[in-house]
Amino acid sequence: MSTFPFTQTSPVQNQTTNQPEWLNWKWQIQNRIKTQEELGEKIELTPKEKLSFDACSTFFAFSVTPYYLDLADPEDPNCPIRLQIVPQEEELIRNGFEKQDPLAEESHMPVKGVTHRYPDRALWYLSHVCAVYCRFCTRKRKVSKSFHTPGKEEWDQALAYFRAHTEIKEVILSGGDPLNLSDDRLDYLLGELKSISHINQVRIHTRYPVTLPMRIDSSLCRVLKKHFPIYLVTHFNHPKEITPLVKERIALLIQEGNVMVLNQGVLLKGINDSPEILKELFYGLTAIGIKPYYLHQCDEVWGSSGFRVEIAKGVEIMKQIRGRISGLSVPLYVVDLTGGGGKVPLPAEYLAEKKEHSYLFRNYQDDLYEISY
């Protein structure tokens, strides 16, 4: 087994923003924009955004890396990047059906940090820190709050739980963002998990390839390759997020880290709720080696109503997409049921009529085809 590393490298202390520091992920984390004043120096905030920032800060922290903020249009309040990071007044709306913990993760937590909801897999919450605090986040109740992060004692308890429960075939590292941990700690955790014979696969869920792509470096790739196979699921929502640096670091992750990379995005009102934007996103991801895996209906977390798209509209969008782009580039549209019911697919309806000895189907062009039985 691996030896647990008790030390971590300290963040970069230099505050200047020349090119070498811009590409240093620890500098990006240390220099995140966290206040309205800092944000106002970078983009032109509207009066509505200023009011929303103050009101929403009571409920959820604000944080964005210089890199990701640099993708936002400083003058357009409807910029798809800006809408994901700047607080909006709709976040203050509390609908009766919305929950603090919509996926019932806490009620399925046998050990601090471990959610065991599905029989054969478990999610391991390892860090409360994100590079960017997305306004639609399912875990707004706990990210940015350090007391939610498991310590070494809880890590040991989690590993003991995984060893004792032989029905667990997959462990998903999540957070916050698990890539906020040092390479040494990731090496330790992956080594421990890989030593458990009944665990078939390990998955890492991270948004750092989107919000902090400089985190993907040769050192991290060596760790991931050491524990092959590792499946990494990231979270791109808009084509604007696929930058030249992202393309470079995803190639590094795949070629040097020997990692399979998938994407699970969220369908978001005013950000990506159109067939044209999603087709560009899905093809853009496939072009750089990322398989579109899931498109999630936005979870019913408190304050998310401004982001949610009607399910019927989402189904229609996916129907317009399927058949018009490669199946390799089409994710599964799903909803994670509020209350902990798990994911269910939201397929478009293609069956037009059932006859005595045949079925009539409408294809993506709305043409009828008959299949006999």
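Helices, of at least four residues, and strands, of at least two, are DSSP runs numbered from the N terminus, and loops are named here by the elements on either side. On that basis, P229 belongs to the loop between α10 and β5. The model discussed here is a predicted one.

P229 is joined to F228 by a cis peptide bond, with omega at about -5°. A second backbone feature occurs at A104, a residue other than glycine whose phi is positive, near 55°. A104 sits in the loop between α6 (80–85) and β1 (114–115). As background to both features, most peptide bonds are trans, and most residues other than glycine have a negative phi.

The helix α10 that precedes the loop of P229 also takes part in a helix pair. Two packed helices are described by the angle between their axes and the distance between the axes. For α8 (residues 183–194) and α10 (residues 218–226), the angle is about 5° and the axes lie 10 Å apart. Angles under 35 degrees count as roughly parallel, so α8 is roughly parallel to α10. On the α8 side the contact is made by D183, L186, D187 and L190, and on the α10 side by S219, L220, V223, L224 and K226. By residue class, this contact comprises five nonpolar, one polar and three charged residues.

Both helices can be placed within a wider annotated region. An unreviewed UniProt entry carries the annotation "domain: Radical SAM core" for residues 116–328. Over residues 116–328 the chain is 35% helix and 18% strand, and the C-alpha atoms at the two ends are 30 Å apart.

The next topic is the largest pocket, which holds about 970 Å³ of space. Its lining consists of 42 residues, and those nearest the centre of the pocket are T138, R139, S174, H205 and Q264. Two or more lining residues come from each of β2 (121–127), β3 (170–175), β4 (201–205), α9 (208–211), β5 (230–234), β6 (260–267) and β7 (291–297). The largest share is that of β7, with four residues. In composition, the lining of the largest pocket has 19 nonpolar, 13 polar and ten charged residues.

Which residues does UniProt place under the feature "binding site"? The unreviewed entry gives C130, C134 and C137. The lining of the largest pocket takes in C130, C134 and C137, which links the record to the computed pocket. Of these residues, C134 is found in the loop between β2 and α7 (152–164), and β2 itself gives two or more residues to the lining of the largest pocket.

Definitions and conventions
Residues numbered from 1 in each chain as written. Predicted model: local features only at pLDDT ≥ 70, side-chain atom pairs only at ≥ 80, totals over all residues. Heavy atoms only, no water. UniProt positions renumbered as here; feature names shortened; annotations may be inferred. 1 Å grid on protein atoms, 1.4 Å probe; cavity = no way out; pocket = protein on both sides within 12 Å on 5 of 7 lines; lining within 4 Å. Points joined across faces, edges and corners; volume = space filled by probe spheres on them. Nonpolar A, V, L, I, M, F, W, Y, C, P; charged D, E, K, R; others polar. Axes fitted to C-alpha atoms, helices over the stretch in contact; angles between N-to-C directions. Parallel < 35°, antiparallel > 145°, perpendicular 65-115°, else oblique. Contact = heavy atoms within 4.5 Å.
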